[in-house]
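This report describes selected features of one protein chain, from helix packing to charged pairs. The sequence and the structure are shown below.

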Amino acid sequence: MLAGRRVLLVEDEPLISMMLEDMLAEAGYVVAGSERDSGGAMAVIESAELDAAVLDIHIADGDSFHLADVLLRRGVPVVFSTGVGESEIPAPYRRHPVVIKPFDLPELEAALDRALPRPAAQ
């Protein structure tokens, strides 16, 4: 399974962030960092080993597409989170999974499942 994978969470609403941290933990993921802005997120990206990221599109200091660019260049899959809808996502990012707020644990798990590569068979 995909449990135990390290996920960066970028969400600027504290209550939503806490809820998502709980969801990720319940699903067996490790929250490698939970940040509300680009500076904090970049610090985690630079210092942590990441398997995926869940990025709220609208964060405290703008949008998260520049973070997605850095993560994707490093081979880290992203899932976008939004309260507005998929129409706000620019074309280059539409191939990545999106969860629309409010979403539940099965929706988040399904999005991460689509984003993350399958572990090699042993």
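## Helix 1 and its surroundings

The buried residues of helix 1 are covered by elements that include strand 1, strand 2 (30–35) and helix 4. Contact here means heavy atoms within 4.5 Å. Helices (H or I, at least four residues) and strands (E, at least two) are DSSP runs, numbered from the N terminus. The model is a predicted one, in which local features need pLDDT of at least 70 and side-chain atom pairs count only at pLDDT 80 or more, while totals for chains, interfaces and linings use all residues. Residues are numbered from 1 along each chain as its sequence is written, and side-chain values use heavy atoms, with hydrogens and water left out.

Ser 17, Leu 20, Met 23 and Leu 24 are buried in helix 1, where buried means under 20% relative accessible area, exposed over 50% and partly exposed in between (1.4 Å probe, protein chains only). These buried residues lie on the same side of helix 1, because they cover an arc of only 125° around the axis; the arc is that of the directions from the helix axis to the C-beta atoms. The face turned away from this buried side carries the exposed residues Pro 14, Leu 15, Asp 22 and Glu 26. The 13 residues of helix 1 should span 18 Å at 1.5 Å a residue, which agrees with end C-alpha atoms 18 Å apart; the expected span is 1.5 Å times one less than the number of residues. Gly 28, with a positive phi near 95°, follows helix 1.

## Strand 3 in the sheet

In strand 3, 5 of its 5 residues are buried. Ala 52, Val 54 and Asp 56 point one way, and Ala 53 and Leu 55 point the other way. In a regular strand the side chains alternate between the two faces of the sheet.

Strand 3 runs parallel to strand 1, to which 4 bridges join it, and Val 7 stands opposite Ala 52. Strand 3 also pairs with strand 6 in the parallel sense over 4 bridges, with Asp 56 opposite Ser 81. Two strands pair if DSSP finds at least two bridges between them.

## Nonpolar cores

A nonpolar core is a set of buried Ala, Val, Leu, Ile, Met, Phe, Trp, Tyr and Cys residues joined through side-chain atoms within 4.5 Å. The largest has 21 residues, and Leu 55, Leu 71 and Phe 80 have the most contacts inside it. Strand 1, helix 2, strand 3, helix 3 and strand 6 each supply at least two residues of this core, and helix 3 gives the most, with 5 residues.

Not counting residues up to four places away in sequence, Leu 71 touches Ile 45, Leu 50, Ala 53, Leu 55, Val 76 and Val 78. Another core, of 18 residues, lies apart from the largest one and has Val 7, Ala 27, Phe 103 and Leu 116 among its members.

## Salt bridges

The count comes to 3 salt bridges, each defined as a side-chain nitrogen of Lys or Arg within 4 Å of a carboxyl oxygen of Asp or Glu. Lys 101 pairs with Glu 11, the closest N and O atoms being 2.9 Å apart. This pair links distant parts of the chain, 90 residues apart. Glu 11 counts as buried at 2% relative accessibility.

Asp 56 and Lys 101 also meet in a salt bridge (3.2 Å, N to O). Salt bridges with shared partners thus join Glu 11, Asp 56 and Lys 101 into one network. Asp 56 is buried, with a relative accessible area of 4%. Arg 74 forms a salt bridge with Glu 46, with the closest N and O atoms 3.1 Å apart. Arg 74 is partly exposed at 45% relative accessible area, and Glu 46 is exposed at 52%.
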